[in-house]
Each structure stands twice: as C-alpha cells, then as structure tokens.
2 protein chains.
Amino acid sequence: MRVSQLFTKTSKNAPADEVAKNAQLLTRAGYIYKVMAGVYAYTPLGLRVIENIKRIVREEMNAIGGQELIMTSLQPKEVWESTTRWSDDVVDVWFKTKLKDGTDIGLAWSHEEAIMTMMKQYVNSYKDLPINVYQFQTKLRNELRAKSGIMRGREFVMKDMYSLSTDAEQHEIFYQTTIEAYKRIYDRLGIGNDTYVTFASGGAFTKFSHEFQTICDAGEDIIYVNREKGIAVNEEVLNQETLDTLGVTRDELVETKSAEVGNIFNFGTEKSEQMGVHYTDENGAQVPVFLGSYGVGITRVMGVIAEKLSDDKGLVWPKEVAPFTVYLVSIGEAAAQQADELYETLKNKGIEVLYDDRDERPGAKFADAELLGIPYRITVSERNMANEKYEFTPRETGVSEVLTHTELLDKLG
Amino acid sequence: MRVSQLFTKTSKNAPADEVAKNAQLLTRAGYIYKVMAGVYAYTPLGLRVIENIKRIVREEMNAIGGQELIMTSLQPKEVWESTTRWSDDVVDVWFKTKLKDGTDIGLAWSHEEAIMTMMKQYVNSYKDLPINVYQFQTKLRNELRAKSGIMRGREFVMKDMYSLSTDAEQHEIFYQTTIEAYKRIYDRLGIGNDTYVTFASGGAFTKFSHEFQTICDAGEDIIYVNREKGIAVNEEVLNQETLDTLGVTRDELVETKSAEVGNIFNFGTEKSEQMGVHYTDENGAQVPVFLGSYGVGITRVMGVIAEKLSDDKGLVWPKEVAPFTVYLVSIGEAAAQQADELYETLKNKGIEVLYDDRDERPGAKFADAELLGIPYRITVSERNMANEKYEFTPRETGVSEVLTHTELLDKLG
C-alpha cells in the first residue's frame with residue numbers, strides 16, 4: 001500500500017485525554033481512533049495488526065484441534081439465570097437492554113453459558129467428547145473506569161475457547177496442551193520472554209487457575225516472579241501454602257507489575273450440573289460434562305505489545321504482528337522510478353510493503369517509519385542509486401546497512 | 001476435516017419453531033444454532049460459509065480501492081443526536097443501554113454517523129479525498145418481528161462501505177464503480193442471474209437510490225422486473241414518472257417477490273452539514289463532504305442462497321461459497337485406506353475436503369452429503385477400487401460418473 005492512499009495521518013502529539021502509553025502511541029501513529037473511553041475503532045493499519053494477532057492465535061488453536069465458530073452478542077436472560085450469573089451483584093460488567101416486547105437481554109461479556117446451552121443439542125454420548133471450540137468475539141463489558149487504552153476496553157476482541165471433556169483426566173490432557181500452545185502464541189507475538197504461566201486463585205474446583213501474565217509497567221496486576229525457575233505467583237495466592245506447593249521461597253520471588261494476556265480456567269462440572277449438560281457414558285449412566293475455558297485478549301495483547309515494544313521514537317512491532325514488513329522510502333524525484341520498481345518486486349514476492357511515495361522531506365518519512373514501527377525500512381536515494389544499492393534499516397536496531405539488490409532480497413527472504 | 005470431528009450432527013427434521021426455509025435447512029444441516037428469534041450462532045460449518053462470502057466481498061471491495069477497518073458497536077448518543085437519528089421515533093431499531101454512570105449509549109445498527117465523526121479528524125483538504133472505507137460489522141437491530149431465519153436478524157453481519165467525496169461528480173464515479181463491483185459479487189455468489197439493480201426511493205438528495213434485489217419467494221419486498229431490459233423497480237416508486245424515466249411500460253414489468261441483498265445510497269452533503277464535516281477546496285473555501293453508503297448483508301445473502309439454491313434433498317452451495325469443495329465418502333472397510341490416501345492427496349493440492357470417515361451405511365452418508373450441499377461428492381467403494389476408479393457426483397446435477405484418478409483430479413483442477 002502507498003502511504004498517500006492511507007486516510008490516517010501521523011501526529012506529533014498525543015491526545016490530551018489519553019493517559020496510557022499504548023493509546024497515545026497507537027493514536028499518534030494512526031492505528032486506533034477513540035470513540036469513547038474504552039471504545040476504539042481500528043483503522044486499516046490497526047485492523048492489520050489485529051488480524052495478524054488473530055492469525056497467530058488461530059493457527060495455534062487449530063493445531064491443537066480447536067474448531068472455530070462464532071457465538072452471539074445478544075444473550076437470553078434465562079440462560080445466565082440458571083448459573084446465577086445474570087445478576088449484577090454477581091457479574092458487575094453486564095450491559096443489558098430490552099427487546100421491543102420488554103424482554104430483558106444481555107450483551108455477552110463471556111460465553112460459557114452460551115456454549116453450554118448450545119452444546120446440550122449436540123452432546124449425547126461419551127463418543128461425542130472431547131469438543132474444543134473457539135471464537136474471536138467482540139465482547140462488551142461495562143467497566144466502571146477505562147483509562148488503560150486498548151488494554152482494558154468496554155468493547156474489545158477476545159479469543160475464547162471452551163473444552164468439553166468426559167472427565168478430569170480427559171480435561172487435563174487438553175488443558176496442558178493449551179498451556180503449551182499459549183506459550184507458542186506469546187513467543188510468536190514477541191512477548192514470550194516476559195510472559196509467565198502464573199498461579200492464581202482457582203475458584204471452587206481447583207487449587208489454582210493459570211494466568212498468562214506479561215511483565216508490564218502499565219499492567220494492573222502484581223505478580224511475584226522467579227525468572228530462573230520460570231515461576232510466577234499472583235499476589236492473591238501468595239501465601240506459605242502456595243510457596244510450599246511450588247517449592248520456592250518468598251525471597252526468591254521479585255514483585256513486578258504485569259498485565260494478564262491470557263487465562264485458562266477449570267470449571268469442572270459446576271456449569272454442567274447447573275445447566276443440565278450431561279452425556280451418557282460407556283455404562284449408560286448420565287454424567288455431567290467437564291468444562292474448561294481459555295481466553296486470549298486480542299486487543300489487550302496489541303496494547304501490551306505497544307507498551308513493551310516501543311521506544312521514544314514510536315512502536316517496534318515484531319515481524320509477525322506488524323501491519324507491513326517493509327517501509328519503503330524514496331528520496332528525491334530521480335529515485336522514484338527505482339523505488340516504484342522495488343515496490344512491485346517486493347509485492348510480487350509476497351512481502352507486505354508500505355510505500356512512502358509522498359512529496360515529503362526525508363526526515364518526516366523516517367520519523368513516520370519509526371513511529372509506525374514497521375520492522376524494516378528500505379531507503380532508495382539518488383546517492384545510492386548510482387551504485388545500484390539500497391539502505392536497509394531494521395527498526396529494532398536502527399543500524400543501517402547499504403546492500404545490493406540481491407543482498408536486500410536475501411535479508412527479506 | 002473429518003466428519004467424525006464435527007461436533008454438529010445433521011437432523012431429518014426441522015425445529016418446530018422455524019418457519020423460514022433457510023433456517024430449517026441450515027439448522028438441519030448443522031450450519032446455524034438459534035439462540036433466540038433473529039439471533040443465530042454459526043457453527044464451524046456456518047462460519048466457513050460466512051468467511052467465504054466475506055472473502056468474495058473483500059476481494060471486490062479491495063479491487064475498487066476500498067480500505068477495510070473496523071468501527072465499534074458502542075455508540076455515543078451525542079453523535080447520533082446531531083443528525084436526529086438517536087430518537088426512537090426516527091430510528092425504531094435501536095438497542096440502547098447505559099454506562100455505569102448513567103450515560104446513554106446505543107448499539108450500532110448502522111455507521112454513517114460513526115464514520116463521519118471519525119473522518120472529521122482525518123479530512124482537511126480536497127487532497128485527502130476521495131476516501132472509501134468498509135467494514136464487516138456485527139450489527140444489532142431491535143426488529144419487532146424476526147421470523148425470516150438469517151434473512152432478517154436482530155444480530156447479523158453486514159459489509160458496509162462509506163465513500164467520502166469532494167462533490168457529486170467525484171461521488172458518481174465511485175458510485176458507478178461500486179454498482180459494477182456489486183454485480184461481480186452476486187455473480188460469484190451464484191445469484192447474479194436473479195439479482196437486479198432496482199430503482200427505489202432516493203430520499204432527500206436523489207430521485208432514486210439503488211437496491212440489489214434478488215428474486216426470492218421468501219423475500220419481504222415486491223419488485224417489478226423486466227428481465228430482457230434488465231430493469232427492476234421497487235413498488236414504492238412504481239409510478240408513471242418512474243416508468244417514463246426508465247423508458248419502460250407497466251405491461252412490460254412482472255411483479256415478483258424479492259429480497260434486498262444490497263443497497264447503495266447517496267446521502268449527498270446532508271450528514272456533513274449536520275455534523276460539520278468540511279474540507280478546504282482548491283480556493284480555500286470550506287465545503288461539506290459528499291457521502292455515499294453501500295451495504296451487503298453477509299448473513300442475509302447466506303440465507304438467500306440457502307432459499308434459492310436448494311432442493312428437497314438439501315442445500316446446493318455454489319463452489320466459491322461452499323464450506324468444503326469435496327465430500328469424500330468411503331464405503332466398506334476395504335476402501336478406507338484408499339479413501340485416506342485420496343483425502344491426503346486432495347488436501348495437499350489445496351482442495352477443501354470434508355471426509356465422511358464414519359462407520360455409517362452408504363445411504364446415510366449420501367443423504368448428509370446432499371443435505372450439507374457440498375459441490376462434489378467422491379465415493380470410494382470396494383466395487384470401483386478393483387478398477388482403481390472413483391465415483392464423482394456433482395451436487396447440482398446428481399449425475400454420477402466413474403473416473404480414473406487422473407480424470408478425477410482434472411475435474412477438480
């Protein structure tokens with residue numbers, strides 16, 4: 001795509017009402033547009049990032065046998081009353097509205113009850129299990145405050161997966177498989193080194209649940225980390241019993257701020273018993289289905305990446321997440337034709353290129369390349385043209401090399 | 001994918017509460033699940049169809065320079081008050097809710113006001129125009145009745161595009177380009193022959209707007225069609241003046257039921273004037289932006305295809321829309337290995353195959369292949385195995401051929 005075709009423009013200054021770094025940077029670079037607090041539209045640039053994150057998550061979920069579907073935002077009251085979660089006293093983030101005839105309906109903030117209602121229709125026998133389904137859903141949550149940019153939205157995109165198993169044993173296999181898949185996801189998203197499987201409170205059915213927490217100054221959580229042992233504990237379960245269970249002492253743990261980028265949760269048979277979701281086992285007995293749920297906040301992760309992988313010049317997207325791989329800059333009219341040719345060559349090789357074809361001074365183009373955080377800048381200038389060479393500058397290092405055409409293509413290959 | 005891995009199951013009988021053929025067929029085949037009237041979840045099979053329709057629409061929108069983005073469902077009241085469309089007396093399909101602090105918010109049923117508010121930030125000069133942006137958005141509409149299955153939902157997926165132009169002339173170029181793109185879309189969706197650019201009432205700014213109406217018994221509209229001249233008129237503008245304008249007599253038009261599968265609308269400068277969206281022209285004057293909007297009901301189109309391209313045995317998806325291209329059936333244990341091999345061969349060639357690997361009688365497998373509406377059935381049986389041949393049966397004709405391995409791959413090539 002050509003920069004001249006983008007309707008967004010970069011801005012030197014952050015909006016006065018944004019306090020979160022992720023929102024400041026993403027707004028300045030033209031990735032997001034604030035509709036109201038905690039509610040952001042995503043421009044063509046921003047949507048490309050979201051779709052890249054979704055692609056990574058989708059590939060890893062499909063690889064462990066997840067099946068993608070899409071549930072609904074509108075939710076019937078009765079379904080959630082059956083588990084007591086309709087009440088605003090139990091769930092304080094509901095948005096609710098009414099049909100024309102006055103019927104109460106909710107706007108989905110999660111989908112456990114919705115999935116279980118649907119699965120009643122499809123699950124009969126132990127032969128039907130396990131089932132692992134996931135979706136990318138726009139969730140609505142009526143948050144009291146929303147000052148963390150896209151890290152805590154009132155409207156946000158989430159990948160939520162649900163596993164239905166015959167029993168704890170079948171559940172545990174998928175649960176562990178998902179932990180491994182999540183690790184691959186955060187590695188590919190470029191935040192794997194700072195992301196920890198964190199022990200948190202487990203609810204009624206298990207001692208612990210597992211959160212994926214990324215060390216992040218802008219995070220809302222506090223965790224206690226031992227980097228060498230790869231252990232992290234949420235402050236809510238930091239007690240002697242937990243330390244003993246994990247074989248770690250308090251002194252070995254360092255307190256740090258973190259952002260929850262994923263969670264996996266064991267519901268056991270609680271929902272099935274409440275909602276009457278049973279299967280017939282090998283002996284003809286009716287047994288409640290074992291439920292797990294597994295979330296990744298897609299837009300939140302985008303915010304965390306923006307917070308962590310950025311510097312005073314702007315964003316620094318990892319290659320798999322970046323909206324484009326190359327930011328192509330032409331300097332001077334004489335270089336335009338060569339830049340046009342390189343643009344076509346790279347596109348034909350399947351490389352995503354954002355081509356700054358504007359009549360702007362080089363400094364402005366370089367500043368935009370840095371603010372936007374595109375992994376590689378390629379500069380075509382009259383000076384290097386004479387030698388048929390190109391300047392190649394990775395965003396991460398900022399160190400330029402002058403390369404031949406062949407060397408350049410090798411770097412991107 | 002293997003049929004044994006699908007959690008959905010086909011059903012001989014339609015749900016008692018579904019009156020629309022599209023909902024009956026799609027539910028029986030396991031494409032959709034009804035959450036409440038007008039609100040459907042889409043299973044892995046159904047989501048594949050939606051994604052295929054979106055892919056076709058996306059390709060055609062990108063080809064005419066559309067840029068994809070994603071707006072929000074949550075909408076501030078003030079934005080819509082500025083054009084009088086917040087009022088339930090003006091727009092009777094709003095779902096509304098409140099933030100914790102009591103602030104009214106709406107759930108988007110359309111996005112003209114949202115786009116124009118956002119574009120205020122980006123449009124300054126005539127050089128910034130034209131801008132053509134589109135999204136695939138889940139719209140919520142509080143319909144009084146919802147008995148048409150996925151053809152009229154309270155929650156549904158829509159492609160909506162918005163064009164911002166300097167003036168009527170620039171607008172008209174994009175408007176006509178979009179009409180041609182829409183024709184290509186409906187051709188690729190398999191309903192082009194029965195879809196008409198239909199003259200409808202134009203509102204305040206133009207004599208006519210244009211709807212894309214598909215002849216369909218389950219449709220809610222009445223249009224008057226002349227097939228030879230390729231002319232159609234919505235009953236709301238069927239008068240002598242319209243007939244004179246179009247150069248057609250009443251006798252030449254045949255009344256028929258139809259479903260609106262797309263619309264394109266010229267808002268002129270009305271919204272810009274109400275909302276203060278101006279640009280600076282070449283002479284430095286402030287000029288209101290010219291707005292067009294262009295919709296395609298993605299889930300509605302899926303419903304129309306189900307209504308029209310189906311028979312007493314089930315669905316008959318067009319190839320580009322079908323969730324899978326091939327339904328592979330193995331008959332008898334001895335054929336299983338050959339079927340497994342063919343499954344791998346076809347997958348490696350990038351062909352989407354649904355492989356019925358179940359231990360079921362042939363008649364049940366054939367019936368499911370037909371109900372699901374997969375374009376090509378391939379049957380691997382002991383009888384044909386002896387000659388290293390395969391039975392190939394297009395869903396549309398139902399006429400089987402016995403083919404060699406090479407002939408089979410040629411057919412699918």
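Leaving aside its neighbours within four places in sequence, with which residues is B:Ser82 in contact? In this predicted model, the partners of B:Ser82 under that condition are B:Gln274 and B:Met275, and the first view below shows the setting of B:Ser82 in chain B.

**View 1. The loop that carries B:Ser82 joins α3 and β5 of chain B.** B:Ser82 belongs to the loop between α3 (77–81) and β5 of chain B, where B:Gln274 and B:Met275 are in contact with B:Ser82 once neighbours within four places in sequence are left aside. With 16 other C-beta atoms within 10 Å, B:Ser82 is partly exposed, because this class lies between the limit for exposed residues, 12 or fewer, and the limit for buried residues, 20 or more. B:Glu113, which is 31 residues apart from B:Ser82 in sequence, is 8.7 Å apart from B:Ser82 in space, taken from C-alpha to C-alpha.

**View 2. Three strands of chain B form an open antiparallel sheet in the order β4-β6-β5.** The edge strands of this sheet are β4 and β5 of chain B, each of which pairs on one side only, and the twist from one strand to the next averages 40 degrees. Strand β4 (residues 74–76) of chain B is joined to strand β6 (residues 104–107) of chain B by three bridges, and B:Leu74 has B:Leu107 as its bridge partner in β6(B). Four bridges join strand β5 (residues 95–98) of chain B to β6(B), again with antiparallel strands; here B:Lys96 stands opposite B:Gly106, and B:Lys98 stands opposite B:Asp104. The hairpin of β5(B) and β6(B) has five residues between the strands, and in this hairpin B:Gly102 takes a positive phi near 95 degrees. As a guide to reading the side chains in such a view, in a regular strand they alternate between the two faces of the sheet.

**View 3. A five-stranded open sheet of chain B has mixed pairing and the order β20-β19-β21-β22-β23.** The edges of this sheet are β20 (353–356) and β23 (401–404) of chain B, each pairing on one side only, and neighbouring strands are turned by 30 degrees against each other on average, direction ignored. Helix α9 (residues 336–348) of chain B packs on the sheet and touches β19 (326–331), β20 and β21 of chain B, with a direction that makes about 165 degrees with that of β19(B). Within the sheet, strand β21 (residues 376–381) of chain B and strand β22 (residues 389–394) of chain B run antiparallel and are joined by four bridges, and the bridge partner of B:Ile378 in β22(B) is B:Phe392. Helix α12 (residues 405–412) of chain B lies across β19, β21, β22 and β23 of chain B, and runs at about 110 degrees to β23(B).

**View 4. B:Leu328 is among the residues with the most contacts inside the largest nonpolar core.** This core has 210 residues, and A:Ile53, A:Leu328 and B:Ile53 share with B:Leu328 the place of those with the most contacts inside it. When neighbours within four places in sequence are left aside, the residues in contact with B:Leu328 are B:Ala339, B:Leu342, B:Tyr343, B:Val353, B:Tyr355, B:Asp356 and B:Ile378.

**View 5. Chains A and B meet along a contact region to which chain A gives 38 residues and chain B 37.** On the side of chain A that touches chain B, the elements giving two or more residues are β1 (32–36), β2 (39–42), α2 (44–63), β3 (67–68), β4 (74–76), β5 (95–98) and β7 (131–140) of chain A. The residues of this side of chain A divide into 22 nonpolar, nine polar and seven charged. A turn of 180 degrees with a shift of 0.0 Å along the axis lays chain A on chain B with an RMSD of 0.0 Å, and that is the relation of a two-fold axis. The same surface serves both copies, in that 97% of the contact residues of chain A recur in chain B. A:Thr97 is the residue of chain A that comes closest to the rotation axis, at 2.7 Å (C-alpha).

**View 6. Helix α8 (residues 298–308) of chain A is largely enclosed by the rest of the structure.** The reason for this description is that 11 of the 11 residues of the helix are buried; the buried residues of α8(A) include A:Ile298, A:Arg300, A:Met302, A:Glu307 and A:Lys308.

Key: Residues numbered from 1 in each chain as written. Chains lettered and ligands numbered in written order. Predicted model: local features only at pLDDT ≥ 70, side-chain atom pairs only at ≥ 80, totals over all residues. Pairing = 2+ DSSP bridges. Axes fitted to C-alpha atoms, helices over the stretch in contact; angles between N-to-C directions. Contact = placed C-beta atoms within 7 Å. Nonpolar A, V, L, I, M, F, W, Y, C, P; charged D, E, K, R; others polar. Core = buried A, V, L, I, M, F, W, Y, C linked by C-beta atoms within 7 Å. Least-squares fit on C-alpha atoms with pLDDT ≥ 70 in both.
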